[in-house]
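Colleague: I am new to this structure and should be grateful for a close look at a single part of it. Please choose one helix, describe its surroundings, and then set it in its wider context.

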Amino acid sequence: MSYQIKIVSAAVATALLALGGTAQADEKPVKVGIVTFMSGAAAGPFGVPARHGAEVLLEELNAGKVPAPYDSVGFGGTPLEFVYIDESGGTSQQVTEFRNMVDRAGVDMVIGYTSSGNCLAIAPVAEELKTLTMFYDCGTPRIFEDDEHHYVFRPVAHGTMDNVGAAMYAVDQKPDMKTYAGINQNYAWGQDSWRDFEGALKQLKPDVKLTTSQMPKLGAGQYNAEISAIMASNPDILHSSFYGGDLEGLIVQAQPRGMMEHVPTILTTGETITHDNKIKIPDGTIIGARGPHGVFAPDSELNTWFRNAYQDQIKGDPWYPSYKMAQTILGTKAAYEKAKADNGGQAPNTEQIIAAFEGLTFVAPSGEVKMALGNGHQAVQEVVYGTARNVDGKLTFENVKRYPSEVVTPPEGVKSEDWIKNGMKH
Amino acid sequence: MLMLPAAIIDGIMYAAWLFLVAVGLTLIYGVMKILNLAHGAFYTLGAYVAATFVGFWLAGDYNPYYSYLLLLLAGVIGGLVLGVLVERGILRRFYKEDQVVLLLVTYAIFLILEDVVKMIWGVEPYVISQPYGLLGSFNIGLLYYPNYNFVILGAAILSGVGLALFLKLTRPGKLLRVVIHDREISMALGINVQRYFLVTFVAGSILAALGGALTAPTISVAPEIGVEVIVLAFAVIVIGGLGSLPGAALGALIVGLVRSFAVHYFPEVELFSIYAVMAVVLIVRPMGLFAAAEPRKI
Amino acid sequence: MKSSSTMHARQRARRPQHALIALVVTLILIALGIGLSTWQFVVVVALSKGLAALGLVLLLRCGLVSFGQGLYYCAGAYAVGMAMSHLGIRDLVPLLLLATVSAAVIAALLGVLLSRYRDIFFAILTLAFTMILYGLLIRNPVLGGSDGFNVQSPTFFLLADGALSRRTMFIITAVVVGVSIWAVQRFLATPMGRLGPAMKDNEIRVEYLGASARRNIFWNYTLAGALAGLGGGLTSFSIGHIDPDLAFWTTSGEFLFIAILGGTRNAYAPFLGAIALELIRSLAFQYVPNSWQIVIGVSMLVIIIFLPGGLISIARLWLRSAARGA
């Protein structure tokens, strides 16, 4: 019996080697831990599209099908291996999983993390274990504003620009507005979003008045009372950083009552629900994508490639989390290859990759990205907002405005909260 | 100007929803003295079954008005099947244990059911919002309320009144009240308590699933919708008195109105007001507002 | 008939054993942690959670289920965090003392109220209080809100300058746990400690015997709170990050599971349960990431049906047969 098994495995191994082609089969693949939500409320809007983005990048990179300047296989010719970890279970669980990834699974680097709480908890562990870690989505500016990190990078912009940009767009679109309201989830993400939006709005238009700020619990699900309170107070504009099931519930419950038709609503992460055709987004709703992602990405060869590859593999359009994941992976690739070139063509070690990554400028499907803050560890990008309009049953965007990073992001060394309070000077 | 009537209407509508999801829990506690932590999972299941039925129906372009019937059917079938499975399959083995162990057993069942739902339906959310808007809406000044809310209000009133009449007037209902009062004496009198347990648990499950099914068109049906519901249902029946039907109604009304007024007038407070109310009621009158004080058994 | 002096002598002869056994167990733990360094982190977290579960065991022995141990666990962790960032205290000993004492104080205050309640009302009230703390923390941006904040490694005045290494932290945790086990074992041998199962059986008879059930429960509750606070303080160092989730009722549910898994027989049981749970969870997360809750739920049911005394009952049988065989 074992004889037959030996023959079969030899045949399979030979076949695999033959298929391996020109890959440097003697080099160990670069092993990357990919951490996103695969269960729970954040899986649907963020975790799953991000994971799809990673899967598409893995396939395309290992086949060398990405357009220049990323046309080498994997990272610098070395193929990639991804290990997917679920981000759910809380910070204690995530710290354990991070250590498991590094100590037991032996990953070379880690890419992931949607939740700000997890990012804050993981950063010091990454430093302790000296493991290169790239955050692809979490929004809190605290990572590089409160501390310095050597092994941690965030090749996507942080969340301050989402809400400062929203305030600017609101004032641009409705210069004569007098009142505003908000509905945000009552935890750090919603509280910070609201604080930044309100702070920025007050700076731009000091005489606006708040009508009501609703802060329901995360996952509350029933918003009829909040909708009544908002409609009764009749604001000129409504701000919300809701996402996922809460956002869908809000829209479904608001729709027969006409809240979003009567009150122009800004959805800072709204891009994630534009893909579900069962949810109808009313005309006049202002949608954000946390950057120039998704439908707001400028035309480029890289963008076209990404959208086509994603469509082929996943049979749908890439969402903004997919873009951010792709951007993070490509930024890491750019740093790796720069470090390799600086190292005379030899595979670089972690310190060399870090040196190359700091202050790097690279291109992504959403455009150019500069690692300009946090001593070169934090990226900046423009923020984009557009107004939804349904044309012939299809969702389109008009009045698309782009706000450059200097206008919506605090400069190096200044904390977001202080920067907004002091007038957002740039 | 509009705030007071809006706050009251919102409060009553929320109270109706709360009663619907809480009444099954108080029934099960009253008869079986089990605090069913898996209640939220039955609610979730009802919502998912409804989403499947109605989703299928609406995709097939059939008459959308029949979707309401499907919602009811989903609740009844889902609750019936799962209730029988859980009671016969798992819960029955633990009846001789004390209350606390049973609490943990229902917690374990809750964990298991959460993942079972994920295995069957996946992690992506389901939206079946058409029935919500189909019945039109009524308005008070600038405020529009969908008429669907009357469906929930009606279901709450029907189940409450129906249960009350059942317990008061029918023979099985009266025997059930005997079991609620004293399990041991009922057994001594020859009442088949085991059978009543099954019937009660299934009834409670159906009510929970019905709550989920009727709520489904108003939300996005996703894996974690049951977690919030357990806590709310808990608070409602604790305030009203564990095991008391009129208590559940009063508890729902109190929680609904408190929350609604908080949202309209003091949105800051909302987050833990329900726990504070629960704690206050428990401290002042631990058996709840309606249940009679129980003498200590020696 | 045996004279009372012989009985006392026998009891005195039994007492040193507690310290010896606790010492041996501590040494085994330390060896484990250093030997299997990849599991070190998992074990140190389990030990901290075990302390909270130990407090819960005290309450379970009195017949009370608390869904609120998380409150003290969280209070201890935040006491450490806040003392480090706002008061600048960085030394281990004062920090742990602060964690334990602040949790004990809160437990004493709440204990005055809670000792009047039993059964399901006790459980629900403890749940309500821990959720109130959770709500307060979520709304508080000064304490980091729902994202929480990071805690650095402490210093230890005996050892050299600079922060403690992971390994030293592990050894200190093991030693603290060993001392706690010894302390609780001694407590369980005192009249107050032995009154627990009696109260669970029949509280009225206990009162007829002249003991105050209420006072007993108050002290058990305060001690339980102190232990949980100590565990929370240790956790904040091991994990390095604290957030309000520590006060969410599901954390307390986890402690309850650990207590049931381990058993309520003695002070070693919850640590056995904690380590077992961390192992089950790690493996479940790795092999069935989408169904790990089913694994936990089924394990709970299996333990309740087949092993109501918890894992400690197996351990004792095994130890006893090993001793007999030797």
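**A buried helix in chain A**

Modeller: The buried residues of helix H9 of chain A are A:Gly244, A:Gly245, A:Asp246, A:Leu247, A:Glu248, A:Gly249, A:Leu250, A:Ile251, A:Val252, A:Gln253 and A:Ala254. The model is a predicted one, with an ipTM of 0.88 and a pTM of 0.89. H9(A) spans residues 244-254, and because eleven of its eleven residues are buried, this helix is largely enclosed by the rest of the structure. A residue is counted as buried here when 20 or more other C-beta atoms lie within 10 Å of its own.

What, then, do the buried residues of H9(A) pack against? Within chain A, their partners are helix H2 (43-62), helix H8 (224-233), helix H10 (259-262) and strand S9 (265-267). Chain B contributes as well, through its helix H5 (130-134). The surroundings of H9(A) are thus drawn from both chain A and chain B.

Strand S9 of chain A leads from the helix to a set of paired strands. S9(A) pairs with strand S8(A) in the parallel sense over three bridges, and A:His239 stands opposite A:Ile266 of S9(A). On its other pairing, S8(A) runs parallel to strand S6 (residues 179-183) of chain A, to which three bridges join it. There, A:Leu238 of S8(A) is the bridge partner of A:Ala181. S8(A) itself covers residues 237-240 and is buried on both faces: A:Ile237 and A:His239 lie on one side, A:Leu238 and A:Ser240 on the other.

Two of the packing partners of H9(A) in chain A also appear at the contact between chains. That contact takes 35 residues from chain A and 37 from chain B. On the chain A side, H2, strand S7 (209-214), H8 and H9 each supply at least two residues. H8(A) provides the largest share, seven residues. By class, the chain A side consists of twelve nonpolar, 17 polar and six charged residues.

At the level of the whole chain, chain A is divided into domain 1 (2-158 + 297-380) and domain 2 (160-289 + 392-421). The C-alpha centres of these two domains of chain A lie 31 Å apart. Across the boundary, 17 residues of domain 1 are in contact with 18 residues of domain 2. The domain 1 side of that boundary holds nine nonpolar, six polar and two charged residues.

Chain B also touches chain C: 30 residues of chain C are in contact with 29 residues of chain B. Helix H5 (119-138), helix H10 (249-262) and helix H12 (292-306) of chain C each give two or more residues to this side, and H5(C) gives the most, with eleven. The chain C side divides into 22 nonpolar, six polar and two charged residues.

Chain C has 13 helices and two strands. Its radius of gyration is 20 Å, close to the 20 Å given by the globule rule for 326 residues, so chain C is as compact as a globular protein of that length. Of the residues of chain C, 52% count as buried. The mean pLDDT of chain C is 86, and 93% of its residues reach 70 or more.

Notes:
Residues are numbered from 1 along each chain as its sequence is written. Chains are lettered from A and ligands numbered from 1 in the order in which they are written. This is a predicted model: local features need pLDDT of at least 70, side-chain atom pairs count only at pLDDT 80 or more; totals for chains, interfaces and linings use all residues. A residue is buried if 20 or more other C-beta atoms lie within 10 Å of its own, exposed if 12 or fewer, and partly exposed in between; C-beta atoms are placed from the backbone. Helices (H or I, at least four residues) and strands (E, at least two) are DSSP runs, numbered from the N terminus. Two residues are in contact if their C-beta atoms, placed from the backbone, lie within 7 Å. The radius of gyration is taken over C-alpha atoms; the globule rule is 2.2 Å times the number of residues to the power 0.38. Domain bounds come from an automatic or database domain assignment. Ala, Val, Leu, Ile, Met, Phe, Trp, Tyr, Cys and Pro count as nonpolar, Asp, Glu, Lys and Arg as charged, and the others, Gly among them, as polar. Two strands pair if DSSP finds at least two bridges between them. pLDDT is the predictor's confidence in each residue, from 0 to 100.
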